[in-house]
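Here is a walk through one model, with the sheets, rings and a pocket taken in turn. Keep the structure open while you read.

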Amino acid sequence: YPSGNLAIIVTQERDQLICIVQEDELRTAKIRALFQSDGRSTCYYPNGDEWINMSIQGGQYLDQAGNRVRRWMWPNLSPGPHVPLSPIFISLNHHVGVRILAQDKIFISFLAMGRQAKFNMGAKVQASTASQLPPPTRLGEDELLLLAFRVRILHLFDRMRGCLNFPSSEQWNKMQPPMYLMTQAVKILELCMAADISDELRSSIRAIVNA
């Protein structure tokens, strides 16, 4: 961002790419969206509530009250009649926008100081491949809370080390969390989506991870 805060992280884990969009904040690394090359993606409202959620089968668009506004299925994974996708464009903030045109055309655009960067995180997943994917791991409420607090505590320890290394400077305050913590935060958010828990608990876990 023009402020110097990190906006977009693109990393590779095994055989897939992960794109993480962070909010333009100094003291936190709040996740506004995450996109994976295996077809799973989620965008969040500024308060952390789910905005758009996509999987290899399709996606849904929620309003800020949690009501489903739109739902669609990707045509190559629907054997019969399917609900088509009308193009979607949302602005995560003043600099980052998301445009969803098709399963293989999901664009993240970043615009600042007259320059633009664009990423395509769409992926064409075949039905035969989708049928072989294992079901997502489901954890209970206690396990999810413990994982979230573990990431939060490790993040605090990392900030303490930065403060000790730079006691007379505010440079440590601009340091981003280690990549392994960012990856763990993404995994916890994915597990929350797959778990059979209340929306209130899901929001609490997102708040802990993004605090």
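Which element supplies the largest share of the lining of the second largest pocket? That would be H4, with 4 residues. Bear in mind throughout that this is a predicted model.

**The pocket**

The second largest pocket holds about 270 Å³ of space. Its lining is made up of 13 residues, and those nearest the centre are Glu50, Leu62, Asp199, Arg202 and Arg206. Helix H4 (199-210) is joined in the lining by strand S6 (58-62), and each of the two supplies at least two residues.

**The sheet of 7 strands**

S6 also belongs to an open sheet of 7 strands, which runs S1-S2-S3-S4-S5-S6-S7 with antiparallel pairing. At its edges you'll find strand S1 (8-13) and strand S7 (68-73), each pairing on one side only. From one strand to the next, the twist averages 15°.

If you want to zoom in on one pairing, try strand S4 (residues 41-44) against strand S5 (residues 50-54): they are antiparallel and share 4 bridges. Ser41 has Met54 in S5 as its bridge partner. As a general reminder, the strands of a sheet pair through backbone hydrogen bonds, in either a parallel or an antiparallel sense.

**Rings and charges**

How many aromatic pairs does the structure hold? There are 3 of them, and two are worth a closer look. Tyr45 and Trp51 are stacked, with 4.3 Å from centre to centre and 10° between the planes. The rings of Trp72 and Trp74 make an edge-to-face pair, because their planes stand at 70° with the centres 6.0 Å apart, and over 60 degrees counts as edge-to-face.

Are the partners in these pairs buried or exposed? Tyr45 is buried at 7% relative accessible area, and Trp51 is buried too, at 11%. In the other pair, Trp72 comes out at 2% and so counts as buried, and Trp74 is likewise buried at 2%. The cut-off behind that word is under 20% relative accessible area.

Charged ends sit over rings as well, and the table lists two such cases.

| Charged residue | Ring | Distance from ring centre |
|---|---|---|
| Arg70 | Tyr61 | 5.9 Å |
| Lys118 | Phe107 | 5.8 Å |

Arg70 falls within the range of edge strand S7 (68-73), and Tyr61 within that of S6 (58-62).

**The sheet of 4 strands**

Lys118 takes us to another open sheet, where 4 strands follow the order S8-S9-S10-S11 and pair in the antiparallel sense. Strand S8 (88-91) and strand S11 (115-120) are the edge strands here, each pairing on one side only. Direction ignored, neighbouring strands of this sheet are turned by 15° against each other on average.

Inside the sheet, strand S9 (residues 96-102) runs antiparallel to strand S10 (residues 105-112), and 6 bridges join them. What stands opposite Ile100 in S10? Ile106 does.

**A spot in helix H2**

One last stop is Asp158, which lies in helix H2 (residues 141-165). Is this residue buried or exposed? Asp158 has 16% relative accessibility, so it counts as buried. Leu181 comes 23 residues away from Asp158 along the chain, and the C-alpha atoms of the two are separated by 9.9 Å.

Notes: Residues numbered from 1 in each chain as written. Predicted model: local features only at pLDDT ≥ 70, side-chain atom pairs only at ≥ 80, totals over all residues. Heavy atoms only, no water. Pairing = 2+ DSSP bridges. Axes fitted to C-alpha atoms, helices over the stretch in contact; angles between N-to-C directions. Phe/Tyr/Trp six-rings, centres within 6.5 Å; stacked < 30°, edge-to-face > 60°. Buried < 20%, exposed > 50% of the residue type's maximum accessible area, 1.4 Å probe, protein only. Lys NZ or Arg CZ within 6 Å of the ring centre and 35° of its normal. 1 Å grid on protein atoms, 1.4 Å probe; cavity = no way out; pocket = protein on both sides within 12 Å on 5 of 7 lines; lining within 4 Å. Points joined across faces, edges and corners; volume = space filled by probe spheres on them.
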